[in-house]
Each structure stands twice: as C-alpha cells, then as structure tokens.
Amino acid sequence: MTSNKVCQVAPELVQIARKFRFRKAKNIAAITMKANFETLTIELDESFEDVTLEDLADELPTAEPRYLLISYVLNHADGRVSYPLCFVYYSPPTAKPELMMLYSSSKTEIERKTDATKSFEVRNIEDMTDEWLEEELRRV
C-alpha cells in the first residue's frame, strides 16, 4: 500500500506570500511556486511584476504543474477597482502522474498558507488568459 505524499510549505514562502498579499503596487503581479520532490517542500519558483496572464502563461512549464498566486486588477462595470488575490493550480495534462499526485495532495495546504481570496484550477495553458480570470472572478 502506498501513502500519499504531501509537501510542507517552506517557511520563507509563507513570509513571501504574506508580503505579496499586502503589496501596495496597483498592477498585476504573480509568484509561481513549485514542489521540490526530494525535500517534499513547496518553494518559490519565480516572481513577476506588471504582467499579463498571457505573458505569465508563456513562462510556465508545459509538462510540470505549478501553483500561482496572482494579485489581479479587476475593473468593475460601475467604475470600482478591486485587487483580488487569486490562487491558481496549474496542472497540465502532459505532467507525470506522480507529479500530479504530489501537487494535488499538497494543494489544500498551500492554499491555506497563502490566504488567497479566490481559488481556481487550469489544465490547459492556452486557457489562462486575462479574459478567463476576469470571467471566473465575476462568477464567484
């Protein structure tokens, strides 16, 4: 019988996520996080400032899952602007099954530690666009 492996969130990543959550900039920014298979920890992968989701999608690996924390700028029809903190679990269909299992079993822990206000999943990289996220945010 095999047991599900669950990654622990690296303490420094919790601090990075907290600072990211309270950032003052009024642009779209993101951090990507990856699982370290050897140490079973979730670590910072990359940081992005003033980025579109399309540009961010271009930077993601095509065969490895990632967690993303996105500080988004959402313009409402009534003129208001909000800045939701979005957690996105990206799991490409071409990823190895053991990676998919590790990421999916660790998802709840990283979601909880990042304090994101919205949570989404995307499988196909082409689907991760500004239009997709705005539609999802308006639906929630």
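Contact here means heavy atoms within 4.5 Å. The model is predicted, and the tour below goes from a helix to its neighbours, then to the spaces between them.

**Stop 1: helix α1**

Select residues 11-21, which form helix α1. Colour Leu 13, Val 14, Ala 17 and Phe 20, which are buried. Look down the helix axis: the buried residues of α1 fall within an arc of 125°, so they line one face of the helix. Now turn to the other side of α1 and select Pro 11, Glu 12 and Lys 19, which are exposed.

What do the buried residues of α1 pack against? Show the strands β1 (8-9), β2, β3, β4 and β7 (85-90), together with helix α3 (97-114); the buried residues of α1 pack against these elements.

**Stop 2: strand β2 and its partners**

Select residues 29-36, strand β2. Seven of the eight residues in β2 are buried, so to speak of the strand as mostly covered is fair.

Next add residues 41-49, strand β3. β2 and β3 pair in the antiparallel sense, with eight bridges. To find one of them, pick Ala 30 and look across to Phe 48, its bridge partner in β3.

Then add residues 66-71, strand β4. β4 runs antiparallel to β2, and five bridges join the two strands. Here pick Ile 31, whose bridge partner in β4 is Leu 69.

**Stop 3: two loop residues with positive phi**

Most residues other than glycine have a negative phi. Two residues to check against that background follow.

Select Leu 40, in the loop between β2 and β3. The hairpin of these strands has four residues between them. Leu 40 is not a glycine, yet has a positive phi of about 55°. Is Leu 40 buried, partly exposed or exposed? With a relative accessible area of 26%, Leu 40 is partly exposed, because the buried class stops under 20% and the exposed class begins over 50%.

Move on to Asp 50, in the loop between β3 and α2 (53-59). Asp 50 also is a residue other than glycine with a positive phi, in this case near 50°. Asp 50 counts as exposed, at 61% relative accessibility.

**Stop 4: the largest cavity**

How many cavities of 30 Å³ or more does the structure hold? The structure holds one. The largest cavity has a volume of about 50 Å³. To display its lining, select Val 14, Ala 17, Arg 18, Arg 21, Phe 22, Lys 113, Thr 114 and Asp 115. The elements that give two or more residues to this lining are α1 and α3. α1 provides the largest share, four residues. Val 14 and Ala 17 were coloured at the first stop as buried residues of α1, and both line the cavity. By class, the cavity lining has three nonpolar, one polar and four charged residues.

**Stop 5: the largest pocket**

Finish at the largest pocket, with a volume of about 180 Å³. Select Phe 20, Arg 21, Arg 23, Lys 24, Ala 25 and Lys 26, then Ser 71, Tyr 83, Pro 84, Leu 85 and Thr 117; these residues line the pocket. Five residues of the pocket lining are nonpolar, two are polar and four are charged. Phe 20 is one of the buried residues of α1 and is part of the pocket lining. Arg 21 lines the pocket and also lines the largest cavity.

Key: Residues are numbered from 1 along each chain as its sequence is written. This is a predicted model: local features need pLDDT of at least 70, side-chain atom pairs count only at pLDDT 80 or more; totals for chains, interfaces and linings use all residues. Side-chain values use heavy atoms; hydrogens and water are left out. Buried means under 20% relative accessible area, exposed over 50%, partly exposed in between (1.4 Å probe, protein chains only). Two strands pair if DSSP finds at least two bridges between them. On a 1 Å grid over the protein atoms alone, a cavity is a set of points where a 1.4 Å probe fits but cannot get out, and a pocket is an open set with protein on both sides within 12 Å along at least five of seven lines; lining residues have an atom within 4 Å of a point. Grid points are joined across faces, edges and corners, and a volume is the space filled by probe spheres set on the points. Ala, Val, Leu, Ile, Met, Phe, Trp, Tyr, Cys and Pro count as nonpolar, Asp, Glu, Lys and Arg as charged, and the others, Gly among them, as polar. The arc is that of the directions from the helix axis to the C-beta atoms.
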